[in-house]
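Q: I'm new to this one. Can you walk me through it?
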Amino acid sequence: MTEILIYGATGYTGTLLAEHAAAQGLRPVLAGRDPDKLRPLAARLGLGWRAAPLDDPGRLREALAGIGAVIHAAGPFSKTARPMAEACLAAGTHYLDITGEIDVLESLAARDAEAMAAGIVLLPAAGFDVVPSDCLAAHVAKRLPSATHLRISIGGFGGFSRGTARTMVEGIAWGTRVRRDGRIIELPSPPRGSADFGHGARRTVGLGWGDVSSAWYSTRVPNIAVYFEAFPAMTAAAGLPSGLRRLIASGTAQRLINRGIDRLSPGPSESARARARSTFLAEAWDGSGNRAASRMETPEGYTLTVLTALESARRVASGAVPPGFHTPVTAFGPDFILGFPNVVRTDL
């Protein structure tokens, strides 16, 4: 198999990816900016490694020599996706990442023609963000081809890594974004709702999530919104006034907040990941009152990310996906998620 490189391998999710790959007998190359962190991890797993900072295009292209596909796992992707994607375009290496950031997906979608000309795949959001929700959204849209509206609700979490926490704090500045009539807009305040994740109605709050971008390319449904189960911290963050959100987005505030995040645990423990489950609800409707809904239960987010990102990279590196920008669904179809253990999809 053409070699796969995991960039950001010493981060929380990157290490999980590297450990699982090695346990499955795969031989990915580990990469990142710090050789002193890469060396012991590579030695422990018996894998090769290459150090290259993202702000050095020459060294980054050298690190991609002989590599078929990159799993880019070093966030926040708003800052890191572009240099990695440009290096992949220059080197002729397929690009995958595990982001759920709307702007990153949109920026990569805009480079579709470049990717086709370079003969490479650009496949963001190949993890928990947004493989399960993208597949479920496309499944529901297929059940109701006349759908004009799509709502995705997500419940159940086993905790966050430091990298995810940084991305979520950065995203506070954007408020709640949805897709209306094919365009992404920001709402003046987060919408509230409810969803039945299988145990009765639970309160939800609208948040800007990667599906606002990806589900459009996967389904072409023009109106898309994403809701999360309204646990207290998420509800409080979503409800911050715009002035405070702009303050949080400032460089000074972000540095202070990130210092606090650095004191958090790297991410949920193995036992916490094993206990947790995530549930997705996708609902579609049209102007005539026709509706369709499906629910899906999956493993915890980081566990699922490891499985879907590695399998996505394996398929892309093998040449199974045509060049250009892709979502998980346009690359592999809506039933891709059903190929992973402990995933249950139910039509309602």
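Q: Let's start with H4. How many residues has it, and what span does it reach from its first C-alpha to its last?
A: First, a caution: this is a predicted model. H4 has 15 residues and reaches 20 Å from its first C-alpha to its last. That is close to the 21 Å expected at 1.5 Å a residue.

Q: Which residues of H4 are buried?
A: The buried residues of H4 are Phe77, Thr80, Ala81, Met84, Ala85, Ala87, Cys88 and Leu89.

Q: Take Cys88. Why does Cys88 count as buried?
A: Because its relative accessibility is 0%, and buried means under 20%.

Q: What do the buried residues of H4 pack against?
A: Strands and helices both. The strands are S1 (3-7), S4 and S5 (94-97). The helices are H3 (57-63), H5 (102-109) and H6 (112-118).

Q: What about the ends of H4? Where is Pro76?
A: Pro76 sits in the loop between strand S4 (67-72) and helix H4 (77-91). The peptide bond leading into Pro76 from Gly75 is cis, with omega near 0°.

Q: And just after H4, which residue takes a positive phi?
A: Gly92 does, at about 75°.

Q: What do S4, H4 and S5 make together?
A: They make a right-handed β-α-β unit.

Q: How do S4 and S5 run, and how many bridges join them?
A: They run parallel, and four bridges join them. One pairing to look for is His72 with its bridge partner Asp97 in S5.

Q: What about S5 and S6, how many bridges there?
A: Two bridges join S5 to S6, and these strands also run parallel. Leu96 has Leu123 in S6 as its bridge partner.

Q: Back to S5. Are its faces covered or open?
A: Both faces are covered. His94 and Leu96 are buried on one side, and Tyr95 and Asp97 are buried on the other. In a regular strand, side chains alternate between the two faces of the sheet.

Q: Moving on. Where is Val130, and which residue does a cis peptide bond join it to?
A: Val130 is in the loop between strand S6 (121-123) and helix H7 (131-143). A cis peptide bond joins Asp129 and Val130, with omega about 10°.

Q: What is the phi of Ala125?
A: It is near 60°, a positive value in a residue other than glycine. Ala125 is in the loop between S6 and H7. Most residues other than glycine have a negative phi, and most peptide bonds are trans.

Q: Is Ala125 buried or exposed?
A: Ala125 is buried, because its relative accessible area is 0%.

Q: Now Asn342. What is its phi, and where is it found?
A: Phi of Asn342 is near 65°, and that too is a positive value in a residue other than glycine. Asn342 is found in the loop between helix H15 (328-332) and strand S16 (344-347).

Q: Buried or exposed, that Asn342?
A: Exposed, because its relative accessible area is 55% and the exposed class starts over 50%.

Q: New topic: cysteines. How many disulfides does the structure hold?
A: Zero. Cys135 is buried, with a relative accessible area of 1%.

Q: Last one, Thr15. Where is it, and what is it in contact with?
A: Thr15 is in helix H1 (residues 12-23). Leaving aside neighbours within four places in sequence, Thr15 is in contact with Ala9, Thr10, Leu41 and Arg44. Thr15 counts as buried because its relative accessibility is 16%, and the cut-off is under 20%.

How values were computed
Residues numbered from 1 in each chain as written. Predicted model: local features only at pLDDT ≥ 70, side-chain atom pairs only at ≥ 80, totals over all residues. Heavy atoms only, no water. Disulfide = S-S within 2.5 Å. Buried < 20%, exposed > 50% of the residue type's maximum accessible area, 1.4 Å probe, protein only. Contact = heavy atoms within 4.5 Å. Expected span 1.5 Å × (residues − 1). Pairing = 2+ DSSP bridges. Right-handed = clockwise from strand over helix to strand, strands pointing away.
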